[in-house]
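Work through the exercises below with the model open beside you. Each task is followed by a stepwise solution.

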Amino acid sequence: MTAIAQYVKSLFLKELFQGMAVTLRHMFGHKITVQYPEERTPQSNRFRGLHALRRYPNGEERCIACKLCEAACPALAITIESAERDDGSRRTTRYDIDLLKCIFCGYCEEACPVDAIVLTRIFDYHGEKRSDLYYTKQMLLAVGDKNEAQIARDRQQDAAYR
């Protein structure tokens, strides 16, 4: 009996019509496609995107070259070199992040005692060459300077959640 039922189903192309019904049902339904450059999807408050180095309000960079972020990075994507200044404090002479190695885990941000390195909400960046995704200290400071208002708002919201 089942062999005859299967023959009848295949003769009348039942599976094909079931598939076409699903296609027609979704063709006229609500579309969920986002037209990316014009439309943006909502982001989580804790989204981890492009890195940035921050400065104090007086313009001095926050990083004290403690190298905790370098030690906390599981992908070994951060390279820091430091030097002692005339006043006895240490500051970075080199702070590089290789975004090709980075896994955007946020450990560097959590390890930083002075909130110098942060992960911003920026996700639409690219590189045409490998060297374009190797961010130096000056590039990271530029990202931080450009987006400081958003970074400060995110930090205030994070403090409210804790």
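The accessible surface of the protein chain comes to about 11,300 Å². Carbon and sulfur atoms hold 57% of that area. The model is predicted, and every exercise below should be read with that in mind.

**Exercise 1. Gauge the confidence of the model, for the protein chain and by element.**

Step 1. Take the average. The protein chain has a mean pLDDT of 90. A score of at least 70 is reached by 99% of the residues.

Step 2. Find the extremes. Confidence is lowest in helix H1, residues 2–11, with a mean of 79. It is highest in S1, at 97.

Step 3. Recall how to treat weak regions. Where pLDDT is low, predicted coordinates should not be read in detail.

**Exercise 2. Describe the overall layout, then decide whether the protein chain is spread out or a compact globule.**

Step 1. Count the elements. The protein chain has six helices and five strands. From the N terminus, the order is α-α-β-α-β-β-α-β-β-α-α.

Step 2. Compare the radius of gyration with the globule rule. The radius is 26 Å, and the rule gives 15 Å for 162 residues. The value is well over the rule, so the protein chain is more spread out than a compact globule.

Step 3. Check the extents. The C-alpha trace spans about 95 × 35 × 30 Å along its principal axes.

Step 4. Add burial and contact range. Of the 162 residues, 27% count as buried. Among contacts between residues at least 6 apart in sequence, 72% join residues at least 24 apart.

**Exercise 3. Examine H1 and the residue just after it.**

Step 1. Count buried residues in the helix. H1 has ten residues, and the number buried is zero. It therefore lies largely in the open.

Step 2. Look just past the helix. Leucine 13 takes a positive phi there, of about 55°.

**Exercise 4. Dissect the largest nonpolar core.**

Step 1. Start from the general expectation. In soluble globular proteins, nonpolar side chains tend to be buried together.

Step 2. List the best-connected members. The core has 25 residues. Cys69, Ile78, Tyr95, Ile97, Leu99 and Ile117 touch the most other members.

Step 3. Assign the core to elements. At least two residues each come from strands S1 (51–53), S2 (78–84), S3 (90–98) and S4 (117–119), and from helix H5 (137–146). H5 gives the most, with three residues.

Step 4. Inspect one hub. Leaving aside neighbours within four places in sequence, tyrosine 95 contacts Leu53, Cys63, Cys69, Ile78, Thr79, Ile80, Ile117, Tyr135, Thr136, Lys137 and Leu140.

Step 5. Contrast this with a residue of H5 that is not buried. Alanine 142 lies in helix H5. Its relative accessible area is 43%, so alanine 142 is partly exposed. Its C-alpha is 21 Å from that of lysine 101, 41 residues away in sequence.

**Exercise 5. How many disulfides are there, and how do cysteines 73 and 108 stand?**

Step 1. Apply the cut-off. A disulfide needs two cysteine sulfur atoms within 2.5 Å. The count comes to zero.

Step 2. Test cysteine 73. The nearest cysteine sulfur, in cysteine 105, is 6.1 Å away. Cysteine 73 is in no disulfide. At 11% relative accessibility, it counts as buried.

Step 3. Test cysteine 108. Its closest cysteine sulfur is in cysteine 105, at 6.3 Å, which is too far for a bond. Cysteine 108 is buried, with a relative accessible area of 6%.

**Exercise 6. Survey the loop between S1 and H3 through three of its residues.**

Step 1. Begin with arginine 54. It is found in the loop between S1 and helix H3 (68–72). Its relative accessible area is 6%. Buried means under 20%, so arginine 54 is buried.

Step 2. List its surroundings. Not counting residues up to four places away in sequence, arginine 54 touches Glu61, Arg62, Asp115, Ala116, Val118, Leu141, Glu148, Ile151, Ala152 and Arg155.

Step 3. Set a distance in context. Arginine 54 and serine 44 are ten residues apart in sequence. Their C-alpha atoms are 21 Å apart.

Step 4. Move to alanine 65, in this loop too. Its phi is near 60°, a positive value in a residue other than glycine. At 1% relative accessibility, alanine 65 counts as buried.

Step 5. Finish with lysine 67, which lies in the loop between S1 and H3. Lysine 67 has a positive phi of about 65°, although it is not a glycine. At 33% relative accessibility, lysine 67 counts as partly exposed.

Terms used
Residues are numbered from 1 along each chain as its sequence is written. This is a predicted model: local features need pLDDT of at least 70, side-chain atom pairs count only at pLDDT 80 or more; totals for chains, interfaces and linings use all residues. Side-chain values use heavy atoms; hydrogens and water are left out. A nonpolar core is a set of buried Ala, Val, Leu, Ile, Met, Phe, Trp, Tyr and Cys residues joined through side-chain atoms within 4.5 Å. Buried means under 20% relative accessible area, exposed over 50%, partly exposed in between (1.4 Å probe, protein chains only). Helices (H or I, at least four residues) and strands (E, at least two) are DSSP runs, numbered from the N terminus. Contact means heavy atoms within 4.5 Å. pLDDT is the predictor's confidence in each residue, from 0 to 100. The radius of gyration is taken over C-alpha atoms; the globule rule is 2.2 Å times the number of residues to the power 0.38. Accessible areas come from the Shrake-Rupley method with a 1.4 Å probe; for residues, only the protein chains shown count as cover.
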